[in-house]
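Here is a walk through one structure, from its enclosed spaces outwards. Keep the model open as you read.

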Amino acid sequence: MRGLVHTIQFVFGILGNVATLFLFLVPTHTFKRIIKNKSTEQFSGIPYVMAFLNCLISAWYGLPFVTSNNILVVTINGTGAAIELIYVLIFLLYAPNQQKRKIFAIFVLVVVAFAAAAVISVLFFHGKNRKLFCGIASTVFSIVMYAAPLSIIRLVITTKSVEYMPFLLSFAAILSCTSWFIYAILGMDPYIGISTGVGLTLGIVQLVLYFSYCDKRILNKKTFAVEESQKNMDNDVKPYLP
């Protein structure tokens, strides 16, 4: 029976890897836009810095000398750390000076925080205590990462527009968190379970907001198009008016 549970857990781990990789790659569209316009516009760089930190801590938590049978956690988070680092560097390249300084300062703090957590876990903790320390750190930083888009949620509510909250990003987050939440339950891992549970909840909130405001965005675009069309018609008629 235990072997069957482990097999099912492994399957959900694979699904979690696929869904999470998709989640990591969704922002490529955003960064193509940033590179093309040479501007970060109203996009926030904080979620990418927090995602970078979360990937580092989660990959560390999954290493064999911290926890066992979590190689799938290591592979996807190691890959994610590399991808998120690229995003952060691009954001720093095109962000306005004030925002650039802010994101860079947060990035430095993130690197220092991870380095401190890694060193402390190796020097001062062993066995179950090391797992406990790294698990709590992973849970805390994962929740911080999932909470980072709250600034975007506030922007959506304020502007009544989902332009800066892509649908695919929220949807991919739900798929990823659902897979890892089930993986955690099957493996009786409360640290992964708590963080992905929070992420799943926030992902659902983002989807609710998206469907609440996406029609308004479309309506606004249609209204704008009609107004532009009317202006063009007026301009065409004006030369023939007395």
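Begin with the second largest cavity. Its lining, sorted by class, comprises ten nonpolar residues, nine polar residues and no charged ones. This is a predicted model.

How many cavities does the whole structure hold? The search finds three of 30 Å³ or more. The second largest cavity has a volume of about 240 Å³. It is lined by 19 residues. Closest to its centre are Asn54, Ser58, Asn77, Tyr146 and Trp180. Several helices build this wall. Those giving two or more residues to the lining are H1 (2-25), H3 (46-62), H4 (71-94), H6 (128-147), H8 (167-186) and H9 (190-237).

Now follow helix H1, one of those contributors. Does its length suit a straight run, or not? H1 has 24 residues, so at 1.5 Å a residue it should span 34 Å. The C-alpha atoms at its ends are 34 Å apart, which agrees with that expectation.

Next, look at which residues of H1 are buried. They are Val5, Gln9, Gly13, Gly16, Asn17, Ala19, Thr20, Leu23 and Phe24. What covers them? The cover includes H3, H4 and H8. These three helices also give two or more residues each to the lining of the second largest cavity.

H1 leads on to an open space. The second largest pocket has a volume of about 220 Å³. H1 gives the most to its lining, with three residues. Among the residues that line this pocket are Arg2, His6 and Gln9. Gln9 is also one of the buried residues of H1. Further along the chain, the lining takes in Thr67, Ser68, Asn69 and Asn70. Lys131 and Tyr183 belong to it too, as do Gly187, Met188 and Asp189. By class, the pocket lining has two nonpolar, seven polar and three charged residues. The lining of the second largest cavity, by contrast, has no charged residues.

Finally, turn to charge pairing. The structure holds one salt bridge. Which residues form it? Glu41 pairs with Arg33, and their closest N and O atoms are 2.6 Å apart. Are these partners buried or exposed? Glu41 has a relative accessible area of 28%, so it counts as partly exposed. Arg33 is at 25% relative accessibility and therefore also counts as partly exposed. The cut-off for buried is under 20%.

Conventions:
Residues numbered from 1 in each chain as written. Predicted model: local features only at pLDDT ≥ 70, side-chain atom pairs only at ≥ 80, totals over all residues. Heavy atoms only, no water. 1 Å grid on protein atoms, 1.4 Å probe; cavity = no way out; pocket = protein on both sides within 12 Å on 5 of 7 lines; lining within 4 Å. Points joined across faces, edges and corners; volume = space filled by probe spheres on them. Helix = DSSP H or I, 4+ residues; strand = E, 2+ residues; numbered from the N terminus. Nonpolar A, V, L, I, M, F, W, Y, C, P; charged D, E, K, R; others polar. Expected span 1.5 Å × (residues − 1). Buried < 20%, exposed > 50% of the residue type's maximum accessible area, 1.4 Å probe, protein only. Contact = heavy atoms within 4.5 Å. Salt bridge = Lys/Arg side-chain N within 4 Å of Asp/Glu carboxyl O.
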